[in-house]
Amino acid sequence: MKHTNYRFSFEDAVQVWLRRWNGEYQHQIAASYGVNQGRVNEILKGKAHLGSEQIAKKQTQH
């Protein structure tokens with residue numbers, strides 16, 4: 001698969017959290033965006049899009 005230069009938006013990062021909590025693997029999420037798994041991991045490790053986890057948690061509480 002060819003990876004793109006796609007950059008996650010903050011809303012994308014929120015969706016990454018939600019998808020991960022729903023059981024999707026990082027490589028599956030990355031493939032759907034056409035990016036390297038490392039970009040997804042940066043979000044989940046808190047190195048990118050700080051605050052996206054908290055927004056995702058709020059969305060699951062509704």
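Select Glu53 to begin: in this predicted model Glu53 is partly exposed, with a relative accessible area of 25%. Keep Glu53 highlighted and add Lys57, because the two residues are 4 apart in helix α4 and are therefore separated by about one helical turn. Their side chains meet in a salt bridge, with 3.6 Å from N to O. Lys57, at 38% relative accessibility, also counts as partly exposed, since the range for that class runs between 20% and 50%.

Stay in helix α4, which covers residues 52-60, and move to Ser52, which is placed in this helix. Here the picture changes, because Ser52 has a relative accessible area of 1% and is buried. To see what surrounds Ser52, display the residues in contact with it while leaving aside those within four places in sequence: these are Phe10, Ala13, Val14, Trp17 and Ile43.

Step back along the chain to the loop between α3 and α4, and select His49, which is placed there. If your viewer reports backbone torsions, look at phi for this residue, which is positive at about 55° although His49 is not a glycine. Most residues other than glycine have a negative phi. His49 counts as partly exposed, at 27% relative accessibility.

Go next to helix α3, residues 37-44, and select Arg39 together with Glu42. Both residues lie in α3, 3 residues apart, which is about one turn of the helix. A salt bridge joins Arg39 to Glu42, and its closest N and O atoms are 2.8 Å apart. Side chains of opposite charge can pair when their charged atoms come close. Arg39 counts as partly exposed at 36% relative accessibility, and Glu42 likewise counts as partly exposed, at 29%.

The structure holds 3 salt bridges, and another of them is found by selecting Arg19 and Glu24. The closest N and O atoms of this pair are 2.9 Å apart. Glu24 is partly exposed, with a relative accessible area of 27%.

Arg19 also leads into the next stop, as it is one of the α1 residues that meet helix α2. Colour α1 (residues 10-21) and α2 (residues 26-33) separately, and turn the view until both axes can be followed; they come within 10 Å and cross at roughly 145°. The crossing of α1 and α2 is right-handed. Which residues meet across this pair of helices? On the α1 side, select Asp12, Gln15, Val16, Arg19 and Arg20, and on the α2 side Gln26, Gln28, Ile29, Ser32 and Tyr33. The residues of this contact between α1 and α2 divide into 3 nonpolar, 4 polar and 3 charged.

Now hide α1 for a moment and consider α2 by itself, selecting Gln26, Ile29, Ala30 and Tyr33, which are buried. Looking down the axis of α2, you will find that its buried residues fall within an arc of 100°, so they line one face of the helix. Bring the rest of the model back, and you can see that what covers these buried residues includes α1 and α3.

Gln26, which lies in α2, deserves a separate selection. With a relative accessible area of 18%, Gln26 is buried, the cut-off for that class being under 20%. Not counting residues up to four places away in sequence, Gln26 touches Arg20, Gln37, Val40, Asn41 and Leu44.

For the other side of the α1 and α2 contact, select Gln15, which is placed in helix α1. Is Gln15 buried or partly exposed? At 30% relative accessibility, Gln15 counts as partly exposed. Leaving aside neighbours within four places in sequence, Gln15 is in contact with Tyr33 and Gln59. Should you wish to draw a distance, try one from the C-alpha atom of Gln15 to that of Asn41, a residue 26 places away along the chain; the separation is 13 Å.

End the tour just after α2, at Gly34, which follows that helix and has a positive phi, near 75°.

Methods. Residues are numbered from 1 along each chain as its sequence is written. This is a predicted model: local features need pLDDT of at least 70, side-chain atom pairs count only at pLDDT 80 or more; totals for chains, interfaces and linings use all residues. Side-chain values use heavy atoms; hydrogens and water are left out. Axes are lines fitted to C-alpha atoms, for helices over the stretch in contact, and angles run from 0 to 180 degrees between N-to-C directions. A crossing is left-handed if the near helix is turned anticlockwise from the far one by less than a right angle, and right-handed if clockwise. Contact means heavy atoms within 4.5 Å. Ala, Val, Leu, Ile, Met, Phe, Trp, Tyr, Cys and Pro count as nonpolar, Asp, Glu, Lys and Arg as charged, and the others, Gly among them, as polar. Buried means under 20% relative accessible area, exposed over 50%, partly exposed in between (1.4 Å probe, protein chains only). The arc is that of the directions from the helix axis to the C-beta atoms. A salt bridge is a side-chain nitrogen of Lys or Arg within 4 Å of a carboxyl oxygen of Asp or Glu.
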